[in-house]
Amino acid sequence: MRLVYLLFIMLPIFFIGQDSVDIRKKGTLSGQWRTYYMLTSNKGELKDFNALATGGKIKYNYNLLDNLQIGAALYNATNIGLQDLTIPDVATGRLSRYEEGLYDRLDLANDAVFLLGELYAKYKLTNHSFTLGRMKINTPLINPEDGRMIPTLVQGFWHDYKTKNTQLQFGILNEIAPRSTGEFYGIGESIGTYPVGRNKNGTASLYSDNTDSEYILMGNVDLKLTKKFSVNVWNQYVENIFNSIYLKPSYQLSKYVHIAGEWLHQNKVGDGGNSVASLRYFNQNTADVLGFKITYKSKGRVLSLAYDRILPHGQFLSPREWGREDLFSFQKRERSEGTADNHALVLNYKEEFAVFENVNLTSILSIGKHWKPNVTDAVLNKYAMPDYTHINLDLFFHLKKIKRLKPELLITSKIGNGTIPDNPNFYFNKVDMFHLNLILNYNF
């Protein structure tokens, strides 16, 4: 059966390079074939994991009129079966954290996931586009987070207005398909399909399947006020749960140096998801994140230093089901979400260079120090994450003779800092671990 699925995904590749007059008249066929290997080595006798998936997406856009387009994309993730991920670690009773995300993490017995992730109509004018249906969007708090086989996708309406110095966006969403799942969910239903962490009293959170929310309103104003100064503002209103305002001013100090700040403010809306406190997702009044970033760019090299501070009065909460947190201190394979009184300092170095005559390499080295509240403090540390040092090396290969093939290698190490209680739950899939991703993308 897996072979049938694999052939289904590979079939469009055989047509690449062929001049089909009919297809060009009617629309555009595109897609990606992705093969993804993932490995996690945990501390000591804690269980290690590895997984291999293949699949991707097939997308077709059809031009009904000059300004009107319809599109659809079918996504697939197929488990090659390297390891049975339904068997938990003995010491903690927990499953893999990363590897299960290559498949449907809510149904690991399903070895082939298919999702009609995009199905939309788009109407375009000179500076406007209007999209209705299932689609991808990319915002600071809802985004594809395309680090698994199937990204996060949304359903609703989206309007985008662009001029030379201005971008305005507005959207209303009524369903979300979290990455690593196989279907779309209502807004409230989607929250809790990922691990839920702890309530403030230290017991397991109970908001999964108990969160009431019908829609999300998104708004964005991105203004280039002068040649050197710009401001990007987002507002995310999640009905009956919370509202987030994200403000990002940026200034070009010189030809090589750029600085930016960020402020994220959250406040409870309605009853925070449920009128019963023990079943509530947003169980606080407010939260604030402050950040600063300085970047130096010169001749294919980018060096940046970023700092983020989550203030003590409330946990920064953003459903992990909805994408990565696009904060300055974000590093692949971990988050600051779920904590208050948090500090993060991250150094990034990016360089592009030739490895061989026909191979160019983009390397990104990321080194971060993350100061967390005590793991026993459920009020400030929802997921019991210890202090840690995070090192990522991300390598992107550009093959001049096979331009459609885009290999990537990500190597991650997270090292626990300070005194951590002797409990495997504070280490397993969190710190003192090594993690590797090898991804082969073929775009057509």
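Start by selecting Arg148 in this predicted model; you will find Arg148 in the loop that links strand E5 (128-135) to strand E6 (153-162). Is this arginine buried or exposed? Arg148 is buried, and yet it has no salt bridge. Show Glu145 as well: this is the nearest side chain of opposite charge, and it is 6.3 Å away. A salt bridge would need a side-chain nitrogen within 4 Å of a carboxyl oxygen, so the pair does not count as one.

Now display what surrounds Arg148. Setting aside residues up to four places away in sequence, Arg148 touches Arg34, Tyr36, Met38, Tyr98, Gly101, Leu102, Arg179, Ser180 and Arg333. Notice that Arg34, Arg179 and Arg333 are among these contacts.

For the next stop, pick another loop residue, Asn381, between strand E16 (359-371) and strand E17 (388-399). Its relative accessibility is 1%, so Asn381 counts as buried. Which residues does Asn381 touch beyond those up to four places away in sequence? Select Arg198, Gln315, Gly338 and Thr339, then add Lys372, Pro373, Asn374 and Val375 to complete the set.

From the loops, move on to the strands. Select residues 229-238, which make up strand E10, and residues 242-252, which make up strand E11. These two strands pair in the antiparallel sense over 10 bridges. To see one of the pairings, highlight Tyr237 and its bridge partner in E11, Asn243. E10 and E11 form a hairpin with three residues between them. Pause at Asn240 in that turn, where phi is positive at about 70 degrees.

Keep E11 on screen and add strand E12, residues 257-268. How many bridges join E11 to E12? There are nine, and the two strands run antiparallel. This is again a hairpin, with four residues between E11 and E12. A good pair to label here is Leu247 and Trp263, since Trp263 in E12 stands opposite Leu247.

Trp263 also leads to the last stop, as it is one of the residues in contact with Val289. Select Val289 in strand E13 (residues 286-298). With a relative accessible area of 2%, Val289 is buried. Leaving aside neighbours within four places in sequence, the contacts of Val289 are Glu262, Trp263, Leu264, Asp308, Arg309, Ile310, Phe316 and Leu327. Finish by drawing a distance from the C-alpha atom of Val289 to that of Lys268: the two residues are 21 residues apart along the chain, and these atoms are separated by 15 Å.

Methods
Residues are numbered from 1 along each chain as its sequence is written. This is a predicted model: local features need pLDDT of at least 70, side-chain atom pairs count only at pLDDT 80 or more; totals for chains, interfaces and linings use all residues. Side-chain values use heavy atoms; hydrogens and water are left out. Buried means under 20% relative accessible area, exposed over 50%, partly exposed in between (1.4 Å probe, protein chains only). Contact means heavy atoms within 4.5 Å. Two strands pair if DSSP finds at least two bridges between them. Lys and Arg count as positive and Asp and Glu as negative; His and the chain ends are not counted.
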